[in-house]
Amino acid sequence: MYGAQPPYGAAPPPGQATFYGQAAGQHAYAPTHAHTQPPVAHAPPQQPPASTATGVFAVFSAPFFQPNAVQFLPDWFRAVDKDGSGRICGPELQRLLCQQGLNFSLKFCNGLIRLMDQTASGNLTYEEFAQTHALLVSLLKQFQGADTNRDGQISVPEVSGLIKAAGFTLDEHSFMELCKAYDLEKTGYFDLHEYIGLYVFVSNCKSIFTAFDPYKAGSVTLDFSKFVYAASICS
């Protein structure tokens, strides 16, 4: 049985709700302008060094997460924006992240675009990409803060603490099923990729729920077509 010995992920302490939370259109990393071109770099700085770490720690040393990565964002963006449109799509975002040491699936990248795309264009402007970078760096810091034993993984209770701190309420059953969906090897522990995937999914769920609940009643009624639509947007 999934999560046996002890029960999966050790249920959160009694009374500990689990949370996430930004209202749709009010994401903490939302850009302030709809569309801008990446700034032109006048003197190319030295690129972040290639990672030498291995295993679950390799992602922590990815160029994307280095302290000086911000100055390279325009170059990284232009390198995959082949048509010079000032926007990148899912495959382009996936290629950019892969080039900078982050191996995410195309499905994840499309979900990340849905979260950060403020104009529902299906693409990211440079400014939206820069905000995406800020979000991922923030998630890395959250992850490292929760990884108290520094083994490159966080437990289900530690994920619960992060989700709670972010401000979104889930009942225990829903939270545990969410964890099972993103704990790919069903170990009760999450690496950074898995945690980011879970966070982005819950964020998209929040956005679509809010769209169906404009009066903030806290519940919605969906027919089958709307349910399929919502599930498609969230996944």
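Let's start where two helices meet: the axes of helix H3 (residues 106-116) and helix H7 (residues 192-212) come within 9 Å and cross at roughly 45°. Keep in mind as you look that this is a predicted model. With angles under 35 degrees counted as roughly parallel and 65 to 115 as roughly perpendicular, H3 and H7 are therefore oblique to each other. The crossing in which H3 passes H7 is left-handed.

Now zoom in on the side chains and backbone that touch. From H3 come Phe108, Gly111, Leu112, Arg114 and Leu115, and they meet Ile196, Gly197, Val200, Ser203 and Asn204 in H7. Sorted by class, the residues of this contact of H3 with H7 are 5 nonpolar, 4 polar and 1 charged.

Next, move back along the chain to helix H1 (residues 73-80). Here Leu73, Pro74, Trp76, Phe77 and Val80 are buried. These residues lie on the same side of H1, because they cover an arc of only 165° around the axis. What covers them? The buried residues of H1 have among their cover strand S1 (87-88), helix H2 (90-99), strand S2 (124-125) and helix H4 (126-146).

Of these neighbours, let's follow H2. The axes of H1 and H2 come within 9 Å, crossing at roughly 130°, which makes H1 oblique to H2. This time the crossing is right-handed, with H1 passing H2. On the H1 side the contact is made by Trp76, Phe77 and Val80, and on the H2 side by Glu92, Arg95, Leu96 and Gln99. By class, the contact of H1 with H2 holds 4 nonpolar, 1 polar and 2 charged residues. Trp76, Phe77 and Val80 thus appear twice in this picture: as buried residues of H1 and as part of the contact with H2.

Methods:
Residues are numbered from 1 along each chain as its sequence is written. This is a predicted model: local features need pLDDT of at least 70, side-chain atom pairs count only at pLDDT 80 or more; totals for chains, interfaces and linings use all residues. Side-chain values use heavy atoms; hydrogens and water are left out. Axes are lines fitted to C-alpha atoms, for helices over the stretch in contact, and angles run from 0 to 180 degrees between N-to-C directions. Helices (H or I, at least four residues) and strands (E, at least two) are DSSP runs, numbered from the N terminus. Angles under 35 degrees count as roughly parallel, over 145 as roughly antiparallel, 65 to 115 as roughly perpendicular and the rest as oblique. A crossing is left-handed if the near helix is turned anticlockwise from the far one by less than a right angle, and right-handed if clockwise. Contact means heavy atoms within 4.5 Å. Ala, Val, Leu, Ile, Met, Phe, Trp, Tyr, Cys and Pro count as nonpolar, Asp, Glu, Lys and Arg as charged, and the others, Gly among them, as polar. Buried means under 20% relative accessible area, exposed over 50%, partly exposed in between (1.4 Å probe, protein chains only). The arc is that of the directions from the helix axis to the C-beta atoms.
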